[in-house]
Amino acid sequence: MKILKSIYLVALSAASLGVVSCGASGDDQGLEYAPQMYHSVAYEPLTQIQNEEAGSWLSNREDEKGEFYNSNIYNPHSMNMREPAPNTVARNKYDMLPYRLGVADLAASDSIANPVELNDQVLAAGEQLFMQYCLPCHGAGGEGDGKVGEVIGGVANLKGGAYINLTEGHIFHVITHGKGRMGAHASQISPERRWKIVHYVKQEIQKQ
């Protein structure tokens, strides 16, 4: 019985010692039971350190390579990022290709359809964006009577004349590249947001 108690006492002491050794304070940071969890080797997209000994003085990697070695042997040329497939163009979440038409291609924009599906959420977002970016010049109703529009003059009345029949692609192109007194907004408003503004203009301002 005494032997059994002694065994229990030794086991308890060992467990207590193990728990205490997990503590960290001051310069003593304790023990790392899974060092790879703390020092994971991440691939850096813009660097390829191919020297397997680089950082060996610091390394505790399981593959026994240097801490700074980060080349990807599974990709061509040990690159950390793969190049796009030849002749391909990245699309965004709306399956949209980059807008390629230049400033002088306004007429060609008439054939471009709005890729953003129309719904209540899109209209609400379009209204918010219109009030943020367009209201100062065009006014809340799109009639060119905004506070800034009154000062600079020549702001389009989106409810009148030929403007009422503008295509969605035409409006998007003008928002993108600007026209006349209106400056380009491509650097300020993402393509998806521009298309949402177009929906709001056609559906709510021009009622089409």
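**Reasoning from values to labels**

Guide: In this predicted model, the side chains of Lys 207 and Glu 204 meet in a salt bridge, with a distance of 3.5 Å from N to O.

Visitor: What makes the meeting of Lys 207 and Glu 204 a salt bridge?

Guide: The term requires a side-chain nitrogen of Lys or Arg within 4 Å of a carboxyl oxygen of Asp or Glu, and the 3.5 Å found for this pair meets that limit, so the name applies. Side chains of opposite charge can pair when their charged atoms come close. A search of the whole structure finds four such bridges.

Visitor: How do you know whether Lys 207 is buried or exposed, and what is said of Glu 204?

Guide: Exposed means over 50% relative accessible area and buried means under 20%, with partly exposed in between. Lys 207 has 59%, and is therefore exposed, whereas Glu 204, with 34%, falls in the middle class and is partly exposed.

Visitor: Why is the pair of Glu 143 and Lys 159 called a salt bridge?

Guide: The N to O distance is 3.6 Å, which is within the 4 Å limit, so the pair qualifies. This pair links distant parts of the chain, since Glu 143 lies in the loop between α4 and α5 and Lys 159 in the loop between α5 and α6, 16 residues apart. Glu 143 has a relative accessibility of 40% and Lys 159 a relative accessible area of 38%; both values lie between 20% and 50%, so each residue is partly exposed.

Visitor: What makes Arg 61 buried or exposed, and how does its partner Asp 63 stand?

Guide: Arg 61 has a relative accessible area of 10%, under the 20% cut-off, and is therefore buried, while Asp 63, with 39%, is partly exposed. Between these two residues there is a salt bridge, in which the closest N and O atoms are 2.7 Å apart.

Visitor: How do you know what span α3 should have?

Guide: At 1.5 Å a residue, the 14 residues of α3 should span 20 Å, and the C-alpha atoms at its ends are 20 Å apart, so expectation and model agree.

Visitor: Why are the buried residues of α3 said to line one face of the helix?

Guide: The buried residues are Val 122, Leu 123, Ala 125, Gly 126, Leu 129 and Phe 130. Seen down the axis of α3, they fall within an arc of 160°, and so they line one face. An α-helix has 3.6 residues a turn, so residues three or four places apart point the same way. The face turned away from the buried side carries the exposed residues Asp 120, Gln 121 and Gln 128, and what covers the buried residues includes α4 (135-138) and α7 (191-205).

Visitor: What makes Trp 57 buried or exposed?

Guide: Trp 57 has a relative accessible area of 69%, over the 50% cut-off, and is therefore exposed. This residue sits in the loop between α2 (35-38) and α3 (120-133), and together with Ile 49, Leu 58 and Phe 68 forms a nonpolar patch on the surface, with about 440 Å² of accessible area in all.

Visitor: Why is Tyr 163 called partly exposed?

Guide: Its relative accessibility is 38%, between 20% and 50%, so the middle class applies. Tyr 163 is in the loop between α5 (147-152) and α6 (168-177), and among the residues it touches is Gln 206. The C-alpha atoms of Tyr 163 and Gln 206 are 9.0 Å apart, with their positions 43 residues apart along the chain.

How values were computed: Residues numbered from 1 in each chain as written. Predicted model: local features only at pLDDT ≥ 70, side-chain atom pairs only at ≥ 80, totals over all residues. Heavy atoms only, no water. Patch = residues over 30% accessible without salt bridge, like charges linked within 9 Å, V, L, I, M, F, W, Y side chains within 5 Å. Areas by Shrake-Rupley, 256 points an atom, 1.4 Å probe, with all protein chains shown as cover. Helix = DSSP H or I, 4+ residues; strand = E, 2+ residues; numbered from the N terminus. Buried < 20%, exposed > 50% of the residue type's maximum accessible area, 1.4 Å probe, protein only. Expected span 1.5 Å × (residues − 1). Arc of directions from axis to C-beta. Contact = heavy atoms within 4.5 Å.
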